[in-house]
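Welcome, and please have a look at the fold below before reading on. The report that follows walks through it part by part.

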Amino acid sequence: STTAELGPDHGYGPDIDHVLLSEQQIQGRITELADRIARDYEGREVLLVGVLKGAVLFMSDFARALRLPTQMEFMAVSSYGSSTSSSGVVRILKDLDRDISGMDVLVLEDIIDSGLTLSWLLKNLGSRRPASLEVCALLRKPDAIKVEVPVRYVGFDIPNEFVVGYGLDYAERYRDLPYIGTLKPQVYSA
Ligand code: XMP
Ligand code: MG
C-alpha cells in the first residue's frame, strides 16, 4: 500500500513489521458498522461506553459516523499492564460517571483477544440493569478466544498476533497511528 492509503505514520514507520488494516479500511468499516447500528437502534438514544484507553480513537470516529444521538461514558479496567498476554484478572481503574439503568448501552471495545476482559465487563455492566447491552468491537482474534462472549458487532477478525495502532499500544506507544499493524521483533527486545 502507499503512504496515502495507510495514513501518516507519525514517525513510527521503522518499528512497523506489517500493516494489517489501513486507515481507509478502518474508516470504511466504521461507516458500515455505524449504518447497521443506526438501523438497529432507530428512534433510540444510545449510551456509548468506551473502554479506555484503547477504544478512544474508535469511539471518536464511530460516534461521528453514527447518525443517532449518543451520550458517551468511559470506563477503564486493567487487564494486561504493559505486557502482551492476558492475565484474566480485571480491576476497575475508572468507573462510569452515571447510573446506566434503563439505558440502551453499547460497549465499544478496541479488541477481543481471550475475551476474559469483556466477559467480566458484561457481567459487571449487566448487573446495573440497562434496558439493553450490546458490544461493538473493532477487532477480534478468533484463534485466541478462551471464553465465548456474545458480541453483536465486530469490525474485523484478525490473526492471533499482537497489534498496535488506532488506539492500541505497546508500552503506551503507537496509539496515535491511524492504521493497525504489527511490530518488528526488535521493538520488543529493545
Ligand atoms: P482479552 O484477552 O481480555 O484482552 O480479550 C482484551 C484487552 O487486552 C488488550 N489487547 C491488546 N492490546 N494489542 C494491544 O495493543 C493486541 O494485540 C491486544 N490484544 C489484547 C486490549 O487492551 C484489550 O482491550
Ligand atoms: Mg494495552
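Here is a short tour, from the whole chain down to single residues.

## Overall architecture

Please keep in mind that this is a predicted model. The chain contains 5 helices and 8 strands. Read from the N terminus, these elements follow the order α-β-α-β-α-β-β-β-α-β-β-β-α. The radius of gyration is 16 Å, close to the 16 Å that the globule rule gives for 190 residues, so the chain is as compact as a globular protein of that length.

Along the principal axes, the C-alpha atoms occupy a box of roughly 50 × 35 × 30 Å. Of the 190 residues in the chain, 31% are buried. How do the contacts spread along the sequence? Taking contacts between residues at least 6 apart in sequence, 64% link residues at least 24 apart.

## Where H2 meets H3

Let us turn to a pair of helices. Helix H2 spans residues 23-40 and helix H3 spans residues 56-65; their axes come within 9 Å and cross at roughly 50°. That angle makes H2 oblique to H3, since angles between 35 and 65 degrees fall outside both the roughly parallel and the roughly perpendicular classes. The crossing of H2 past H3 is right-handed.

Which residues make this contact? From H2 come Gln 27, Ile 30, Thr 31 and Ala 34, and they meet Asp 61, Phe 62 and Ala 65 of H3. By character, the residues of this contact are 4 nonpolar, 2 polar and 1 charged. A helical rule is handy here: an α-helix has 3.6 residues a turn, so residues three or four places apart point the same way.

## The buried side of H3

Which residues of H3 are buried? They include Leu 57, Phe 58, Met 59 and Phe 62. The cover over the buried residues of H3 includes H2 together with strand S2 (46-52), strand S3 (70-78), strand S5 (104-112) and strand S6 (132-140).

Phe 62, a residue of helix H3, is a good one to zoom in on. Phe 62 counts as buried because 24 C-beta neighbours lie inside 10 Å, and the cut-off for that class is 20 or more. Leaving aside residues up to four places away in sequence, Phe 62 touches Ile 30, Ala 34 and Leu 108. Phe 62 and Gln 27 are 35 residues apart along the chain, yet their C-alpha atoms are separated by 8.8 Å.

## Ile 112 in strand S5

Another buried residue worth a visit is Ile 112, placed in strand S5. With 24 C-beta neighbours inside 10 Å, Ile 112 is classed as buried. What does Ile 112 touch, not counting residues up to four places away in sequence? Its partners are Leu 118, Ala 137, Arg 140, Lys 141, Val 149 and Val 151.

Asp 95 gives a different kind of pairing with Ile 112: the two are 17 residues apart in sequence and 20 Å apart in space, C-alpha to C-alpha.

## Backbone features in the loops

Some loop residues deserve a closer look at their backbone. As background, most residues other than glycine have a negative phi, and most peptide bonds are trans. Leu 52 and Lys 53 are joined by a cis peptide bond, with omega about -10°. Lys 53 sits in the loop between S2 and H3.

His 10 is not a glycine, but its phi is positive, at about 55°. This residue belongs to the loop between helix H1 (3-6) and strand S1 (16-21). Is His 10 buried or partly exposed? With 13 other C-beta atoms within 10 Å, His 10 is partly exposed. Tyr 174 also has a positive phi without being a glycine, here about 80°. The loop that holds Tyr 174 runs between strand S7 (153-157) and strand S8 (180-183). Tyr 174 counts as buried, with 23 C-beta neighbours inside 10 Å.

## The loop after S3

Our last stop is Ser 79, in the loop between S3 and strand S4 (91-94). Ser 79 has 19 other C-beta atoms within 10 Å and is therefore partly exposed; a buried residue needs 20 or more. Ser 79 and Val 90 stand 11 residues apart along the chain, and their C-alpha atoms are separated by 5.3 Å.

Note on methods:
Residues are numbered from 1 along each chain as its sequence is written. Chains are lettered from A and ligands numbered from 1 in the order in which they are written. This is a predicted model: local features need pLDDT of at least 70, side-chain atom pairs count only at pLDDT 80 or more; totals for chains, interfaces and linings use all residues. Helices (H or I, at least four residues) and strands (E, at least two) are DSSP runs, numbered from the N terminus. The radius of gyration is taken over C-alpha atoms; the globule rule is 2.2 Å times the number of residues to the power 0.38. A residue is buried if 20 or more other C-beta atoms lie within 10 Å of its own, exposed if 12 or fewer, and partly exposed in between; C-beta atoms are placed from the backbone. Two residues are in contact if their C-beta atoms, placed from the backbone, lie within 7 Å. Axes are lines fitted to C-alpha atoms, for helices over the stretch in contact, and angles run from 0 to 180 degrees between N-to-C directions. Angles under 35 degrees count as roughly parallel, over 145 as roughly antiparallel, 65 to 115 as roughly perpendicular and the rest as oblique. A crossing is left-handed if the near helix is turned anticlockwise from the far one by less than a right angle, and right-handed if clockwise. Ala, Val, Leu, Ile, Met, Phe, Trp, Tyr, Cys and Pro count as nonpolar, Asp, Glu, Lys and Arg as charged, and the others, Gly among them, as polar.
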